[in-house]
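Got the model open in your viewer? Let's take a short walk through it, one selection at a time.

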Amino acid sequence: MKAFRYTRRGLENLLGNWQLILIASIESLVLFAVIFLPVIVFGYGKWKASASVDEFLESILQMYVAVFENPLILLGIFVAVLVVGTVALVIHSMVISGIVRIYLAGEGRMGSSNELSYDVRPRTFSLSEWWTAAKEYWFEVFLIYNIVWGLSALIILVPIVPLLLLAFTSSGDERLLVILLAGGGIWLLLTVIVAFFSRAWSHLAVARAVADDLGVIASSKSALDLIVREPANTLVLVVVMALISLGAGVGGSAVTFSSEMMPAILVLSVILGLAGWLINVVISSAAALWMVAGFVSMAHDFASAELAAGHGRAFA
């Protein structure tokens, strides 16, 4: 099955262009600083200003109540979240655009998927090439992410409406419990399926956009067409990459936990904890890029097949 070939080619591309793991790790640290660091600093300031744990919790509760009693504060928080989320997505779009360009060059260096010698490990990383693609395609990738994840969010949120209606109109605690457990379980399964499908769709669409400059709509349609034409390969590739990501998450968490459990002086414990967290970030970034590289390999393979058949750049 081709999905396993894409997984192997993606691994070769990942290892050959290991510098991209560092770039993705730096992106994760930057996004952490942009999104979570202000909250941590604010919470730490509240903690230092409080005389006890009860006073700290009371101040947090008062702030929570004040937010929902004042619509202007709530609106301000919404705007702040929207701005921060947009900035984070722009940064991610730039990073991924450059990464996909490097992986596409690696696919070209490895040649046909049917003739690949796995001794070939492409080394196509160029910081200037990565930055050029980041500047050129970030807006298209930004729009692709909004389209794909926007539609996915609608698919996920729509089933909540009938579930809530059933819950509010149900009579009896047992019936309500069955509705919430069964409906919640089905909704959770749907969410997982849609989330992984969306990742496949977005990765393939970005690869098409960067590879052939098809534009946002054409790239999204082209990626959907590929998924419809190759559902088995897409499903297997998604499952394999999900297992890899899960394994990376468990491995990274184990490293962090092991470093935190080592008895040592306070300063040394902080250093070990920080080192474990950084290793976790690198492992998670590598797993995420392996998924990107695998879908880039899939998109590149079928784009090459379409060109050879004389059907033009788009699959449809």
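Start by selecting α5, residues 71–110. This is a predicted model, and here α5 runs for 40 residues, spanning 57 Å between its first and last C-alpha, close to the 58 Å expected at 1.5 Å a residue. Slide off its end and you land on Gly111, which follows the helix with a positive phi, near 85 degrees.

Now go back into α5 and pick Val100. Leaving aside residues up to four places away in sequence, Val100 touches Val206, Ala207, Val210, Val292 and Val296. Add Tyr103 to the selection: in the largest nonpolar core, which has 52 residues, Val100 and Tyr103 touch the most other members. Want to colour the helices behind this core? Those giving two or more residues are α1 (2–16), α2, α5, α6, α8, α9 (216–229), α10 (231–261) and α11. The top contributor is α11, with twelve residues.

Next stop, the largest pocket. Its volume is about 510 Å³. To centre your view, select Glu27, Ser28, Leu31, His92 and Ala288, the closest to the pocket's centre among the 19 residues that line it.

Which helices each supply at least two residues of that lining? Show α2 (19–35), α5 (71–110), α6 (127–157), α8 (173–212) and α11 (266–309). Here too α11 gives the most, with six residues of the lining. Finally, colour the lining by residue type: eleven are nonpolar, six polar and two charged.

Methods
Residues numbered from 1 in each chain as written. Predicted model: local features only at pLDDT ≥ 70, side-chain atom pairs only at ≥ 80, totals over all residues. Heavy atoms only, no water. 1 Å grid on protein atoms, 1.4 Å probe; cavity = no way out; pocket = protein on both sides within 12 Å on 5 of 7 lines; lining within 4 Å. Points joined across faces, edges and corners; volume = space filled by probe spheres on them. Helix = DSSP H or I, 4+ residues; strand = E, 2+ residues; numbered from the N terminus. Nonpolar A, V, L, I, M, F, W, Y, C, P; charged D, E, K, R; others polar. Expected span 1.5 Å × (residues − 1). Core = buried A, V, L, I, M, F, W, Y, C linked by side-chain atoms within 4.5 Å. Buried < 20%, exposed > 50% of the residue type's maximum accessible area, 1.4 Å probe, protein only. Contact = heavy atoms within 4.5 Å.
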